[in-house]
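Subject: The two-chain model, with notes

Hi there,

Here is the structure I promised to pass on. Have a look at it first, and my notes follow below.

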Amino acid sequence: MAEEKKLDWITPQFDPRFPNPNQTVHCFQSYVDYHKCINIKGDEFAPCKVFLRTFTSLCPNGWVAKWDEQREQGIFPVKLEAATPKEE
Amino acid sequence: MEGIIELHDNIMFYILLIVVLVCWMISSAVVNFNEYNNHFSMKYLNHGMVLEIVWTIFPCLILLMIASPSFILLYLNDEVVLPAMTVKAIGYQWYWSYELSDFLNTTTNQTIEFDSYLLNDEMLELGQMRWLDVDTWLYVPTNTHIRFIITSMDVIHDFAVPSLGIKIDANPGRLNMTSVIINRNGVFYGMCSELCGVGHSMMPIKIESVNVEDFLSNIMEY
């Protein structure tokens, strides 16, 4: 093969917030966190990639596609914009 | 899987003990106390405090001794600590689809996903298992901690591979997690184990475990 193909092999590790066999929330929370993260810090901010890898490894691609579509249409059930600090 | 076999052996010890004890008690009662040969009358034997305590406490202890390794195994199975790779198995009517999204091709930004369909009788080659072989099957590395994420996209399926000791429901809208370490190379077959429609019998699972090096070279070619 002429062109060199580069493969990353990273898997999300145990997260004490989600110790159960039910990983649905782990997947969803990582998706939300990732988009909140890049909304605040921008696409290239490296620490956001952790969330990206977590949700790509855990979520079925079909779910991610559906959520992406919802985000584009603005009907995603969670606010992903950078939260403005509340004035007390 | 080793844990399951060990629990089976463990419990089998108590079962044999109970079977032998009960058989001995029944046979000795039949032999020694029949209508022709009765050693003593039961007329005045109304209470036996010690006997009653013994036959209450003893089964309790036996149940505890069976329950404790069983619970340990149950809760150990729940924990997936330090997995090395994640495989998503997604049930559809009526095939399994696998996604290996750990392997992100950094040039094209694509992950690996494929569907695994049953081979029908005309497509079978000599040596393949009828109704168990699929067109594309799952490759996994040996001696690697693999996390399976099981889910479904339509109805409830069940991802069951008896020789790996896994059987876990695939519910739509829920990701179930289980883990496996395969200790030797080989091909492992399983089937959908939750009645999911007319094609329930036609969605087998085939997993082949290969050395890590072979696995990686395979993945690179994908």
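Let me begin with chain A, whose elements run β-α-α-α from the N terminus on. That makes three helices and one strand. Please keep in mind as you read that this is a predicted model. Chain A has 88 residues, and buried ones make up 24% of them. Among the contacts in chain A with a separation of 6 or more, 59% are between residues 24 or more positions apart.

**The helices of chain A**

H1(A) covers residues 24–41. Its 18 residues should span 26 Å at 1.5 Å a residue, and the end C-alpha atoms are indeed 26 Å apart, so the helix agrees with expectation. Right behind H1(A) comes A:Gly42, with a positive phi near 95 degrees.

Which residues of H1(A) are buried? They are A:Thr24, A:His26, A:Cys27, A:Ser30, A:Tyr31, A:Tyr34, A:His35 and A:Cys37. The cover over these buried residues includes helix H2 (48–58) and H3 of chain A. A:Phe55 is worth clicking on here: leaving aside neighbours within four places in sequence, A:Phe55 is in contact with A:Cys27, A:Ser30, A:Tyr31, A:Tyr34 and A:Val64.

H3(A) takes in residues 61–73, which is 13 residues, and reaches 19 Å from first C-alpha to last, close to the 18 Å expected. A glycine follows this helix too: A:Gly74, just after H3(A), has a positive phi of about 75 degrees.

**Chain B and how it meets chain A**

Chain B is divided into domain 1 (2–32 + 43–78) and domain 2 (85–221). The centres of these two domains of chain B, taken over C-alpha atoms, are separated by 40 Å.

How many residues of chain B are in contact with chain A? There are 31, and they meet 21 residues of chain A. On the chain B side, S1 (85–92), S2 (95–105), S3 (110–116), S5 (145–152), S8 (176–181) and helix H3 (212–221) each supply at least two residues. S2(B) gives the most, with six residues. Sorted by class, this side of chain B has 15 nonpolar, nine polar and seven charged residues.

**The nonpolar core**

In soluble globular proteins, nonpolar side chains tend to be buried together. In this model the largest nonpolar core has 42 residues, and those touching the most other members are A:Phe55, B:Val87, B:Ala89 and B:Phe148. S2(B) provides the largest share of this core, five residues.

**A buried valine in a loop**

B:Val80 sits in the loop between helix H2 (49–78) and S1 of chain B. Is B:Val80 buried or exposed? B:Val80 counts as buried because 22 C-beta neighbours lie inside 10 Å, and the cut-off for a buried residue is 20 or more. Not counting residues up to four places away in sequence, B:Val80 touches A:Phe14, B:Arg147, B:Met177 and B:Ser179. B:Val80 and B:Ile182 are 102 residues apart in sequence, and 15 Å apart in space from C-alpha to C-alpha.

**Backbone details to look at in chain B**

- B:Gln93 and B:Trp94 are joined by a cis peptide bond, with omega about -5 degrees. B:Trp94 belongs to the loop between S1 and S2 of chain B.
- B:Trp131 has a phi near 65 degrees, a positive value in a residue other than glycine. This tryptophan lies in the loop between S3 and S4 (138–141) of chain B. B:Trp131 is partly exposed, with 14 other C-beta atoms within 10 Å.
- B:Asn143 also has a positive phi, near 50 degrees, and is likewise a residue other than glycine. Its place is the loop between S4 and S5 of chain B. B:Asn143 is partly exposed, with 13 other C-beta atoms within 10 Å.

**Confidence**

The predictor gives the complex an ipTM of 0.82 and a pTM of 0.83. For chain B the mean pLDDT is 89, with 95% of residues reaching 70 or more. Among the elements of chain B, strand S6 (residues 157–161) has the highest mean pLDDT, 95, and H3(B) the lowest, 83. Where pLDDT is low, the predicted coordinates should not be read in detail.

Happy browsing, and best wishes!

How values were computed
Residues numbered from 1 in each chain as written. Chains lettered and ligands numbered in written order. Predicted model: local features only at pLDDT ≥ 70, side-chain atom pairs only at ≥ 80, totals over all residues. Helix = DSSP H or I, 4+ residues; strand = E, 2+ residues; numbered from the N terminus. Expected span 1.5 Å × (residues − 1). Domains from an automatic or database assignment. Contact = placed C-beta atoms within 7 Å. Nonpolar A, V, L, I, M, F, W, Y, C, P; charged D, E, K, R; others polar. Core = buried A, V, L, I, M, F, W, Y, C linked by C-beta atoms within 7 Å. Buried ≥ 20, exposed ≤ 12 C-beta atoms within 10 Å, placed from the backbone. pLDDT = per-residue confidence, 0-100.
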